[in-house]
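Trainee: Before we discuss this model, could you put it in front of us, so that we can go through its rings and strands together?

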Amino acid sequence: MRGCRKLTKLPGRVHLKSLESIDLSHCGRLKNFPEIVGKMESLGEMNLSGTAIEELPSSIRYLIRLYSLKLSNCKNFTNLPCSIYELQNLQFVYLRGCQKLVRFPNKVIPTNSNDIAGSLTLPNLFHLYIEGANLSEIDFLGTLDCWSRLGILDLSGSNFVRLPEWITKFVNMQ
């Protein structure tokens, strides 16, 4: 549905378990992404770049195979849910030009033993582009478990004041 410029709304709930890729980029009037009902084991790529989406639902956790998330140039995008950290297969995150994004969510430590207590935090993350966002702090990077994997980190145009010492743990950054 790329470039459907008049598209304003999707169904309130989605469960398309065989869907492998969704491209809603350049649907500039689309303001909301629907709740995801149950695990979607096939969806690997989601491109929402250039939409009017402000936030993603916490049910994004059900996109268990998602490896690429693109939200570039979403001028109204302000909030990533904490459940973003549950996406164990996520490799590529593009948040370029999300000018209203000022911080990443804090990682919530599960209290229920059935939760992801033993899970790593974005262990497969390889590319993280946050160029043009207005991040005032980057401490969330210290909670990630992709020290040896992260190859590209673009924080250009952010508003953070200091670069933490632990940044040197990202040994494969280009």
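Trainee: Which residues form one aromatic cluster with Trp147?

Mentor: This is a predicted model, in which local features need pLDDT of at least 70 and side-chain atom pairs count only at pLDDT 80 or more, while totals for chains, interfaces and linings use all residues. Residues are numbered from 1 along each chain as its sequence is written, and side-chain values use heavy atoms, with hydrogens and water left out. Rings of Phe, Tyr and Trp (its six-membered ring) pair if their centres lie within 6.5 Å, and planes under 30 degrees apart count as stacked, over 60 as edge-to-face and the rest as tilted. The cluster that holds Trp147 is completed by Trp166 and Phe170.

Trainee: How many residues apart in sequence are the parts that Tyr94 and Tyr129 tie together?

Mentor: A search of the whole structure finds 4 aromatic pairs, and one of them, Tyr94 with Tyr129, is stacked at 5.0 Å centre to centre with 10 degrees between the planes. Tyr94 belongs to strand β6 (residues 92-94) and Tyr129 to strand β7 (residues 127-129), strands being DSSP runs of E, at least two residues, numbered from the N terminus, so the parts that they tie together are 35 residues apart.

Trainee: Is Tyr129 buried or exposed?

Mentor: Buried means under 20% relative accessible area, exposed over 50%, and partly exposed in between, with a 1.4 Å probe and protein chains only. Because Tyr129 has a relative accessibility of 11%, Tyr129 counts as buried.

Note on methods
Helices (H or I, at least four residues) and strands (E, at least two) are DSSP runs, numbered from the N terminus.
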